[in-house]
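Colleague: Hi! Could you walk me through the empty spaces in this protein? I'd like a picture of them before I set anything up.

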Amino acid sequence: MKLAIASGKGGTGKTTLAVNLALAADRAVLLADCDVEEPNDHLFFPALEWSEQVIDWPLPEVDEALCDGCGECSDFCQYNALISFGTVPYISPDLCHGCGGCQLICPKKAITETSRRIGVVKTAAMEHVSLIEGRGDIGSTLTPSLIRAVKTKASAAGLSILDAPPGTSCPMITTLQGSDFAVLVTEPTPFGLNDLQLAVDAVRELGLPFGVVINRAGSGDDRVLDWCRDNQITVLAEIPEDRRIAEAYSRGEALVTTLPEYRDLFAGILEKVGA
């Protein structure tokens with residue numbers, strides 16, 4: 001089962017939930033940190049021994065001797081990565097998605113593919129948890145492409161937990177695609193409700209079954225609970241407002257280890273999702 005942990009905004013507790021779900025599982029689990037611009041799941045797994053794979057992505061290259069400036073590649077590219085004004089096309093690496101269509105459509109066979117590095121995928125293991133994280137190179141804009149590389153590494157059978165980037169843009173959607181279930185993390189505030197509504201719209205558009213976990217329950221009001229009830233959305237659990245949780249997080253300590261009384265809460269979420 002592929003379980004995606006997502007939210008409509010940052011700071012709601014996705015990492016807290018993803019890490020502690022993995023540690024509370026009673027079987028081998030793969031935890032994939034898909035927030036490749038700011039991965040932080042590893043902070044809760046000290047002294048890991050990492051292996052690393054460099055991820056390259058295809059980039060078109062034009063042979064000026066063969067190109068006649070017909071512009072077919074420019075017309076074909078939906079991302080405007082190639083621009084031609086009757087001349088050899090200009091290529092924008094930041095816009096290119098590496099689909100290879102320009103190479104296929106070029107009537108003069110003037111386009112070939114080269115490659116460029118966009119980041120790394122790192123793997124490590126501790127006890128029953130295998131950790132995978134993507135880390136984009138500084139300046140790289142191909143976040144979804146690197147997330148797909150992380151998900152390819154995380155395609156093994158069994159339980160996989162995907163910690164998605166915050167928000168509802170392309171990186172979050174890329175992470176959720178192909179998942180079996182999504183857990184949306186929110187907080188009981190007006191901002192939490194607004195961004196939960198955006199996340200629910202995105203998940204419904206993808207056709208994924210989902211449930212909600214309310215973090216820092218008791219710190220706000222009941223508007224999130226009321227909205228979920230009115231819209232027949234399952235609330236899987238409420239993580240209470242507890243200063244000890246914040247203190248453990250700030251020290252990089254896993255909640256189920258430091259405060260074992262919370263282990264049943266996270267194990268219960270996995271049971272409900274499985275059911």
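**Cavities and pockets**

Modeller: Happy to. This is a predicted model. The largest cavity has a volume of about 90 Å³. Sixteen residues line the largest cavity, and those closest to its centre are Cys-67, Cys-70, Gly-71, Cys-73 and Cys-106.

Colleague: What classes of residue make up the lining of the largest cavity?

Modeller: Nine are nonpolar, four are polar and three are charged.

Colleague: And how many cavities of 30 Å³ or more are there?

Modeller: The count is two. The second largest cavity holds about 50 Å³ of space.

Colleague: Which residues line the second largest cavity?

Modeller: Going along the chain, they are Thr-16, Val-19, Asn-20, Phe-44, Ile-245, Ala-248, Tyr-249, Glu-253, Ala-254 and Leu-255. Helix 1 and helix 8 are the elements that give two or more residues to this lining. By class, the lining of the second largest cavity has seven nonpolar residues, two polar and one charged.

Colleague: Okay, on to the open spaces. What volume does the largest pocket have?

Modeller: About 420 Å³ for the largest pocket. It is lined by 23 residues, and Gly-11, Gly-13, Thr-16, Arg-216 and Tyr-249 are the closest to its centre.

Colleague: Thr-16 and Tyr-249 came up a moment ago, right?

Modeller: Yes, Thr-16 and Tyr-249 are also in the lining of the second largest cavity.

Colleague: Which elements supply at least two residues each to the lining of the largest pocket?

Modeller: Three do: helix 1, residues 14-24; strand 10, residues 210-217; and helix 8, residues 243-250. Helix 8 gives the largest share, with four residues.

Colleague: How does the lining of the largest pocket divide by class?

Modeller: Nine residues there are charged, eight are polar and six are nonpolar.

Colleague: Good to know. And how much space lies in the second largest pocket?

Modeller: About 170 Å³. Its lining includes Tyr-79, Asp-94, His-97, Arg-148 and Gln-177. Helix 4 (143-153) and helix 5 (170-176) each supply at least two of the lining residues. By class, the lining of the second largest pocket has five nonpolar, five polar and two charged residues.

Colleague: Let me switch topic. What does helix 10 look like?

Modeller: Helix 10 covers residues 263-274, which is 12 residues. From first C-alpha to last it reaches 17 Å, close to the 16 Å expected at 1.5 Å a residue.

Colleague: Which residues of helix 10 are buried?

Modeller: Phe-266, Ala-267, Gly-268, Ile-269, Leu-270 and Val-273 are buried in helix 10.

Colleague: Why would spacing matter when I read a list like that?

Modeller: An α-helix has 3.6 residues a turn, so residues three or four places apart point the same way. In that list, Phe-266, Ile-269, Leu-270 and Val-273 are among the buried residues.

Colleague: Last topic, the whole chain. How many helices and strands does it have?

Modeller: The protein chain has 10 helices and 11 strands. Its C-alpha atoms fill a box of roughly 70 × 45 × 30 Å along the principal axes.

Colleague: And what share of the residues counts as buried?

Modeller: Of the 275 residues, 50% do. The accessible surface comes to about 13,300 Å², and 50% of that belongs to carbon and sulfur atoms.

Colleague: What about contacts between residues far apart in sequence?

Modeller: Take the contacts between residues at least 6 apart in sequence: 72% of them join residues at least 24 apart.

Note on methods: Residues numbered from 1 in each chain as written. Predicted model: local features only at pLDDT ≥ 70, side-chain atom pairs only at ≥ 80, totals over all residues. Heavy atoms only, no water. 1 Å grid on protein atoms, 1.4 Å probe; cavity = no way out; pocket = protein on both sides within 12 Å on 5 of 7 lines; lining within 4 Å. Points joined across faces, edges and corners; volume = space filled by probe spheres on them. Nonpolar A, V, L, I, M, F, W, Y, C, P; charged D, E, K, R; others polar. Expected span 1.5 Å × (residues − 1). Buried < 20%, exposed > 50% of the residue type's maximum accessible area, 1.4 Å probe, protein only. Contact = heavy atoms within 4.5 Å. Areas by Shrake-Rupley, 256 points an atom, 1.4 Å probe, with all protein chains shown as cover.
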